[in-house]
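Here are a few notes to read alongside the model. They stick to one topic, the charged side chains that pair up.

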Amino acid sequence: MLKVTREIVLKGSDLRIEVSADEYGEGHVFVVAPPDTGDMAEARALRLKHLAIKGSAEVDVNRLFEGGGIDLSKIDLASAQRGLDEARFHLVAQALSKGQGEQWTVEDVKRIKPEVFSRIWETVDTISGFSSEAEEQIKGFRRARKGKR
């Protein structure tokens, strides 16, 4: 079995991907880099920070995450979407900051043309697996719900 070295990890963080942005002029690109573990942790926290419980639902927070997923029947989906959007903006800002070599804020990212943002997000999501992680949580929720019936 081979040992992962610091050099291997750091070399992976050097990955840079160009994302076309012809909407800003022919041949223009954004350069993104993969988010690191800290970026991912912050994005997960943002996703959860905005979760709100539906008006009359009484929820024990410890039971909300039973079965490896989130009991979506008790969650205000609009707040969940806000959290997901904020997490996406955060990850794109981090990916652009590292890739472009200049500091990007969430507010800067929100000003990117929507069609370009979508391409950037697809690239960042592909290299980070952020949406796949959320989908696994939802699948866990569905499996847990089926078992309760």
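**Notes on the salt bridges**

1. Start with arginine 119: its relative accessible area is 26%, so this residue counts as partly exposed. Keep in mind that you are looking at a predicted model.

2. Which residue does arginine 119 meet in a salt bridge? The partner is glutamate 23, with 2.6 Å from N to O. The two come from distant parts of the chain, 96 residues apart. Arginine 119 belongs to helix α6 (residues 114–128), while glutamate 23 is in the loop between β1 (17–20) and β2 (29–32). Glutamate 23 is partly exposed as well, at a relative accessible area of 29%.

3. Next, have a look at lysine 98 and aspartate 36, another salt bridge, where the closest N and O atoms are 3.2 Å apart. Lysine 98 lies in helix α4 (residues 77–100) and aspartate 36 in the loop between β2 and α2 (37–49), so this pair ties together parts 62 residues apart in sequence. Lysine 98 has a relative accessible area of 29%, which makes it partly exposed. For aspartate 36, also partly exposed, the value is 40%.

4. That pair doesn't stand alone: Asp39 joins Asp36 and Lys98 in a network of salt bridges.

5. Glutamate 107 and lysine 110 form a salt bridge too, with 3.8 Å between the closest N and O atoms. Lysine 110 is partly exposed, its relative accessible area being 36%.

6. How many salt bridges does a search of the whole structure find? The count is six, and the pairs above are among them. As background, side chains of opposite charge can pair when their charged atoms come close.

Technical notes. Residues numbered from 1 in each chain as written. Predicted model: local features only at pLDDT ≥ 70, side-chain atom pairs only at ≥ 80, totals over all residues. Heavy atoms only, no water. Salt bridge = Lys/Arg side-chain N within 4 Å of Asp/Glu carboxyl O. Helix = DSSP H or I, 4+ residues; strand = E, 2+ residues; numbered from the N terminus. Buried < 20%, exposed > 50% of the residue type's maximum accessible area, 1.4 Å probe, protein only.
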